[in-house]
Amino acid sequence: MKELIMIRYGELSTKGKNKRNFVSTLAKNIREALSEYPDIKINQQHDFMFMELNGAPQEEVLSGLEKVFGIQSFSPAIELARDFDLLKEAAIKLVKAEIAKNGVQSFKVATSRSDHNYSMDTNDVNQALGGFLAEEFPELKVQMKKPDLTIRVKVRENDFLVSSEWINGAGGLPVGTSANAVLMLSGGIDSPVAGYLAMKRGIRITAVHFASPPYTSPQALNKAKDLTEKLTKFGGWINFVEVPFTETQEAIKEHVNPAYLMTITRRMMMRISDELRKQYNGLAIINGESIGQVASQTLESMFAINEVTSTPVIRPVVSMDKLEIIDISQKIDTFDLSIQPFEDCCTVFAPPSPKTKPKLDDIAYYEAKLDIEGLVQRAVEGAMGEKIMPGSRSKEDSEAFSDLL
Ligand code: ATP
Ligand code: MG
């Protein structure tokens, strides 16, 4: 008997070569998201993937799998030789575990066959195994409609596969099956959620973070990296780019009327992000703007900020209420990090009353006082990229911690 996890794929309208790409990308992402357990083996097949744990802790692996985009559902399963006595033994084990874990009171057996030459058909297996289990567990009721527990048996050419749990996956597409894009990642609540939602559609993001030392602290930068690491759980490595933004912010502060400071700061961020997008082979810019949330996020503001580029700007949370965004950030475990109170480059230079309806003429007037090209070029040249892997930051933290001991 071998313990496995059976993984079912998400949206599979794709066929042929695309499907192969989808499946192998998913396998790679799963391996990476679970890189803490290097002994895991994945066997990709056409419609399923089978994972051998080889000693990796099942609970942790299951909770890791729940996050990886591109998985529709998965089930812990037992693979055994095609021997009915072994099947009974495996089913007993599963039922006992389910009674202990979930206190189930009713069950049924559901069989499917990929080998139609087997001597028993699906009904025969259902009845024989169901009857046997009903005798073994007299406290359980056999129930066809919505039983608490379904024992699933798959009759395959060389073996049986039995499973009980059916766990929903995260859905979406495997990260890396769509093109790349740049995510403007602050330390706030919204942009990590925007990144998560973009990743759900298979986009591999490059996280771009604007830092303005000494006005912003190393903690603020670390927070942005920690948020990036949280996002790697959904599809593997992410490039993180720290952009030096101090010179730009000081220049804006010196030359721009405070009412336009925010608009022009955002336009600079957008220009720099767009240059980095080219370097990182992206086709879009993603940010965490939501209409009406703050002064910079009126449609008038968005229009004025967006005017610097024709690159698609994707705003996954644009029409969500703050509470809806917070809900997601809690679900994806970024909320607690996001609310840590480290000053971000925009809060430090935030004007008392930014324009909610900036005018393009006024913007042009103030921008004429700035060396836009030079500022963009120097920020891009000074940008520092690093690849963030799942688990890498928590490891660094614990290493730093053990150094202290
Ligand atoms: P968030 O919660 O993501 O910080 P927010 O509601 O605070 O969003 P703003 O501060 O107006 O919104 O920023 C709007 C968007 O601009 C952010 O969602 C983010 O995509 C981008 N952004 C803001 N500050 C930075 C930064 N320091 N580095 C990178 N991107 C940023
Ligand atoms: Mg913010």
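In the predicted model, a polar side-chain atom of Gln 297 is placed 2.8 Å from an oxygen atom of ligand 1. Taken alone, the ligand exposes 570 Å², of which the protein buries 90%. Two or more residues of the surrounding shell are supplied by each of the elements α5, β11, α8 (258-279) and α12 (345-348). The greatest share comes from β11, which gives three residues to the shell around ligand 1.

The shell around ligand 1 comprises 22 residues, of which Met 184, Ser 186, Asp 190, Ser 191 and Gln 293 come nearest. Backbone atoms also take part in polar pairings with the ligand. A polar backbone atom of Met 184 lies 2.7 Å from an oxygen atom of ligand 1, and a backbone N or O atom of Leu 185 lies 3.4 Å from a nitrogen atom of ligand 1.

The UniProt record, an unreviewed entry, assigns the feature "binding site" to Met 184, Leu 185, His 209, Phe 210, Arg 266, Gly 288 and Gln 297. From this set, His 209 and Phe 210 belong to the lining of the largest cavity.

Two of the annotated positions were examined individually. Leu 185 is located in the loop that runs between β10 (180-184) and α5 (190-200). With a relative accessible area of 2%, Leu 185 falls under the 20% limit and is therefore classed as buried. Leaving aside residues up to four places away in sequence, the contacts of Leu 185 are with Ser 191, Pro 192, Ala 207, Val 208, His 209, Ala 224, Thr 228 and Phe 240. One of these partners, His 209, is itself among the positions that UniProt annotates as "binding site". Phe 210 is situated in strand β11, which spans residues 204-211. The relative accessibility of Phe 210 is 5%, so this residue likewise counts as buried.

A further buried residue is Glu 367, found in helix α13 (residues 360-367). Its relative accessible area is 9%, and Glu 367 is classed as buried because this value is under 20%. The side chain of Glu 367 forms a polar contact of 2.7 Å with the side chain of Arg 267. Apart from residues up to four places away in sequence, Glu 367 touches Ile 264, Arg 267, Arg 271 and Ile 372. Arg 267 thus appears both as a polar partner of the Glu 367 side chain and in the set of residues that Glu 367 touches.

Definitions and conventions:
Residues are numbered from 1 along each chain as its sequence is written. Chains are lettered from A and ligands numbered from 1 in the order in which they are written. This is a predicted model: local features need pLDDT of at least 70, side-chain atom pairs count only at pLDDT 80 or more; totals for chains, interfaces and linings use all residues. Side-chain values use heavy atoms; hydrogens and water are left out. UniProt positions are given in the numbering used here, feature names are shortened, and annotations may be inferred rather than shown by experiment. On a 1 Å grid over the protein atoms alone, a cavity is a set of points where a 1.4 Å probe fits but cannot get out, and a pocket is an open set with protein on both sides within 12 Å along at least five of seven lines; lining residues have an atom within 4 Å of a point. Helices (H or I, at least four residues) and strands (E, at least two) are DSSP runs, numbered from the N terminus. Buried means under 20% relative accessible area, exposed over 50%, partly exposed in between (1.4 Å probe, protein chains only). Contact means heavy atoms within 4.5 Å. A residue is near a molecule or strand if one of its heavy atoms lies within 4 Å of it. A polar contact is a pair of N or O atoms within 3.5 Å; within protein, one must be able to donate a hydrogen and the other to accept it, and residues adjacent in sequence count only if both atoms are side-chain atoms. Accessible areas come from the Shrake-Rupley method with a 1.4 Å probe; for residues, only the protein chains shown count as cover.
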